[in-house]
Amino acid sequence: MSYPVVVLKIGTNSITKGCDQGINFQVINNLARAASQLKNKGFHVIITSSGAMGLGLARLGSQNIEKNINANPCKQTVMSYKQALTSVGQVELVNAYQNIFKYYGHHVGQVLVTHSGLDDAHRNETIQNTLEKMFELDLIPIINANDTVSSKELEYGDNDSLAARVAVLIKATRLIILSDVDGFYDSDPNSNQNAQLIKFVEKIDDSVLASAGDSSKANGLGGMKSKLQAARICQQEAIAVDIINANNTESILTMVENPKQEIQGSRILVS
């Protein structure tokens, strides 16, 4: 592929304001501005976005859901209702991206992907062809797992591995994972105020993964472990990965144009 592709992945805990609080429009607007800057510099951009389940929960309201299922969805993961909530949230999600990117003069298209689709050679090729045609039409693909028909994402974690597999499929130059923390720390910064940010990661092995944690948020499936697992997929294919805070989107263009400089985040190195 002759043109550079950057994949941006944003998680549930960044794109929503919290359980039952809806879309964080400021974060999406900042992400859209950064993606538009990349496009204006000649990059093709793919956004892999989580948040559909959380937005579905916000649209229906936690109190209304609790009356129907006799459980507080803000205190439980309500995974058995995940697909139903996602069917509502996917509409909210793509509408938000469509409206905000229109302001920046760009069009988006929704692509719902399953991990089984990426495992199947024929569907894998179809997904790749679709993304390439979207680039030709100057569209920004908004990808998320099609959880209404597949629960496979539960095995991978909050679209992190999905973003990595898409990056490999489309031969992206870089995957940038936007998180609710600044990057990969040597311990959990939420419980250890002395935790140190690891700015460069040379190799993701089992010991590195063991030091990372899962998501502690009810409406999120990922966590740093799933992000590092995704980064390892890319590292094996020589695709660079950055993990940064979703509030730091203004630095994305500089990060892409200067891939070796130190950032306020974690860079996964490739040879």
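# A tour from the central sheet outwards

In strand 5, select Leu175, which is the bridge partner of Val7. Bear in mind from the start that this is a predicted model, and that residues are counted from 1 along the chain. Now widen the selection to strand 1, residues 5-10, and strand 5, residues 174-179, which pair in the parallel sense over five bridges. Strands of a sheet pair through backbone hydrogen bonds, either parallel or antiparallel.

**The whole sheet**

Next, show every strand of the sheet to which this pair belongs. In what order do the eight strands of the open sheet lie? The order is 3-4-2-1-5-7-8-6, and the pairing is mixed. If you follow that order to its ends, you reach the edge strands, strand 3 (107-113) and strand 6 (200-201), each of which pairs on one side only.

With the sheet still displayed, add helix 5, residues 82-103, which lies across strand 1, strand 2 (44-49), strand 3 and strand 4 (139-145). Relative to strand 3, helix 5 runs at about 155 degrees.

**Helix 4 and its two sides**

Now select helix 4, residues 62-69, and colour its buried residues, which are Ser62, Ile65 and Ile69. Why do these residues belong to the same side of helix 4? They cover an arc of only 65 degrees around the axis, and therefore they sit on the same side of the helix. An α-helix has 3.6 residues a turn, so residues three or four places apart point the same way. To see what covers the buried residues of helix 4, display its surroundings, which include helix 3 (52-60) and helix 5. Turning to the other side of helix 4, you will find Gln63 and Lys67, which are exposed. Just after the helix comes Asn70, whose phi is positive, at about 60 degrees.

**Two more positive phi values**

Most residues other than glycine have a negative phi, and most peptide bonds are trans. Against that background, select Lys171, in the loop between helix 8 and strand 5, where phi is near 60 degrees, a positive value in a residue other than glycine. Lys171 counts as exposed, with a relative accessibility of 54%. Then move to the loop between helix 10 and strand 7, where Ala238 is found. Ala238 also is not a glycine, and it has a positive phi of about 60 degrees, while its relative accessibility of 49% makes it partly exposed.

**Salt bridges**

Side chains of opposite charge can pair when their charged atoms come close. How many salt bridges does a search of the whole structure find? The search finds ten, and a few of them are worth visiting one at a time.

Begin with Arg165 and Asp119, which form a salt bridge whose closest N and O atoms are 2.4 Å apart. Because Arg165 lies in helix 8 (residues 160-169) and Asp119 in helix 6 (residues 115-119), the pair ties together parts that are 46 residues apart in sequence. Arg165 is buried, at a relative accessible area of 19%, whereas Asp119 is partly exposed at 48%.

Continue to Asp242 and Arg267, whose side chains meet in a salt bridge with an N to O distance of 2.7 Å. Here Asp242 belongs to strand 7 (residues 240-245) and Arg267 to strand 8 (residues 265-268), so the pair ties together parts that are 25 residues apart in sequence. Are these two residues buried or exposed? Asp242 counts as buried at 0% relative accessibility, and Arg267 is buried as well, at 2%.

For a third stop, select Arg232 and Asp206, which meet in a salt bridge at 3.7 Å, N to O. Arg232 lies in helix 10 (residues 224-236) and Asp206 in helix 9 (residues 206-210), so this pair ties together parts that are 26 residues apart in sequence. Arg232 counts as partly exposed at 24% relative accessibility, and Asp206 as exposed at 60%. Finally, select Lys9, Asp160 and Lys227 together, since these residues are linked in a network of salt bridges.

**An aromatic pair**

For the last view, turn to the aromatic rings, among which a search of the whole structure finds two pairs. In one of them, the rings of Tyr103 and Tyr104 have their centres 5.0 Å apart and their planes at 90 degrees, so the pair is edge-to-face. Tyr103 counts as exposed, at 67% relative accessibility.

Key: Predicted model: local features only at pLDDT ≥ 70, side-chain atom pairs only at ≥ 80, totals over all residues. Heavy atoms only, no water. Salt bridge = Lys/Arg side-chain N within 4 Å of Asp/Glu carboxyl O. Helix = DSSP H or I, 4+ residues; strand = E, 2+ residues; numbered from the N terminus. Buried < 20%, exposed > 50% of the residue type's maximum accessible area, 1.4 Å probe, protein only. Pairing = 2+ DSSP bridges. Contact = heavy atoms within 4.5 Å. Axes fitted to C-alpha atoms, helices over the stretch in contact; angles between N-to-C directions. Phe/Tyr/Trp six-rings, centres within 6.5 Å; stacked < 30°, edge-to-face > 60°. Arc of directions from axis to C-beta.
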